[in-house]
Structure formats: C-alpha cells, structure tokens
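Let us go through this model by question and answer. Please have the sequence and the structure open.

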Amino acid sequence: AWVGAIGVTTNTRSVAAEVGFFLDKARCVAAITQPAYADLVREAGPSLRWVVTTDSLEELYGEESDAPVREADPMLPAGILFTSGTTSKPKAVVHTHGNAIWAGRIGPRNIDLNRDDTYLIYLPFFHVNAQSWTMWSVLGVGATAVLTPKWSTSGFWPVVQKHAITHISLMPFVFAAFQLPETPKEHTIRVGVFGMVMPEL
C-alpha cells in the first residue's frame, strides 16, 4: 500500500478455479503465498509475473531508496476483498486508502481501543473484520495485535493470559470459551466487538 500496490487477500480453502477468478477479476500481476499453496497459485495464475512464498520473502528485499514513490491520494485503492459469493460469484470490494485512514481513526473510538491495548486477531485476513475493523483500528492508535493461525477454544484463555488481551471480536462460536470450567474469574479482556460492544465480559 505504501508504494501504491493493491493487496488482494484470498481464502486458503479456495480451489484453483476460485483463485483464478480472483486473480483475473482483480487483474493481479504477482502473488505472495505460503509454500503449501504455491502450486495451486501457479496453476490458477499462469500469467502471473512472479510467485513468492513466505519462506523466500528475501527475494523481495531491496534498497528503500529504490522503492516507487507516489503522491498521497486517499481515493486510490489500497486493497480488494472478495465477498463470500453466497448469492452469485464473489464480488470484489475495493477499500481505498481513505477507508483505511477512516477505520484507523473511527474504529478505535467505537471500541475504546488505545495504544496500551492488545487485540486478539483469530479471524482470517480475507475477512473484513480482521482486516478493516481490527487491524486498521490497531494500526490507527498504535495498539498491539496478537495473531493466531485459527480459532482454538481450548487455547483461548492461555493466549489471553500470556498476552494480556484486552479486545476480541465476538463470533457466536467464541462464546463457548467463556463457559469453560477453566475460565478465569479475573482476566484482562475489556471489550468484545461484533456489531455490539460488550464491556465486562
């Protein structure tokens, strides 16, 4: 986003035909992926200029002075998220730099997030909650994000206690963690977010 590139996040459960649709629709020119998905991405996007995996990111390193420079423009796209496609083909939703700035300024106010807080992000980054609502809010105030590869009910409280989590996104399946026998009587979670703010969890 800093140099003017547009990130397109996709679902790791997508098959090659679906990934190919995303690549074509968003006119992607390159891909960064995990080693486990490299073959699928290459199959889905034979016209990509390059594919780099997370274990070879050093290939992207270079001198900062060589990076492209562009004038700031809040209306330029920063990222593209695809909808779930429940009614038809997934739709490409463009988020501008202005959207990111707005989320980074307004989001923290809505959920009482400040630089001393820590937000647990367990949702995937192809979902607007993790990307826009959560991460942009965290970046907007300089808070801390703790990333997990997936949700774990049994591992929830150890992560909360280890990192002094103050904020989480509430999905229906998350509530099971609050009914575990080992749920601590005292913890650091202050706000749960999902369409409603629930202090005092």
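Q: In E4, which residue is the bridge partner of Gly7?
A: This is a predicted model, where local features need pLDDT of at least 70, side-chain atom pairs count only at pLDDT 80 or more, and totals for chains, interfaces and linings use all residues. Residues are numbered from 1 along each chain as its sequence is written, and side-chain values use heavy atoms, with hydrogens and water left out. E1 and strand E4 (residues 77-82) run parallel over 3 bridges; two strands pair if DSSP finds at least two bridges between them. In E4, the partner of Gly7 is Gly79.

Q: What is the strand order of the open sheet?
A: Strands (E, at least two residues) and helices (H or I, at least four) are DSSP runs, numbered from the N terminus. The sheet has 3 strands with mixed pairing. Its edge strands, each pairing on one side only, are E1 (7-9) and E5 (92-96). The order is E1-E4-E5.

Q: What angle does the direction of helix H4 make with that of E5?
A: Axes are lines fitted to C-alpha atoms, for helices over the stretch in contact (heavy atoms within 4.5 Å). Angles run from 0 to 180 degrees between N-to-C directions. Helix H4 (residues 128-141) packs on the sheet and touches E1, E4 and E5. Its direction makes an angle with that of E5 of about 10 degrees.

Q: Which residue shares a side-chain polar contact of 3.3 Å with Gln131?
A: Gln131 lies in helix H4 and counts as buried because its relative accessibility is 13%; buried means under 20% relative accessible area, exposed over 50%, partly exposed in between (1.4 Å probe, protein chains only). A polar contact is a pair of N or O atoms within 3.5 Å; within protein, one must be able to donate a hydrogen and the other to accept it, and residues adjacent in sequence count only if both atoms are side-chain atoms. Not counting residues up to four places away in sequence, Gln131 touches Thr9, Leu81, Phe125 and Trp136. The polar partner at 3.3 Å is Thr9.

Q: Why are the buried residues Phe156, Trp157 and Val160 on the same side of H5?
A: These three are buried in helix H5 (residues 153-163). The exposed residues Ser154 and Lys162 sit on the face turned away from that buried side. The arc is taken from the directions from the helix axis to the C-beta atoms. The buried residues share a side because their arc around the axis is only 80 degrees.
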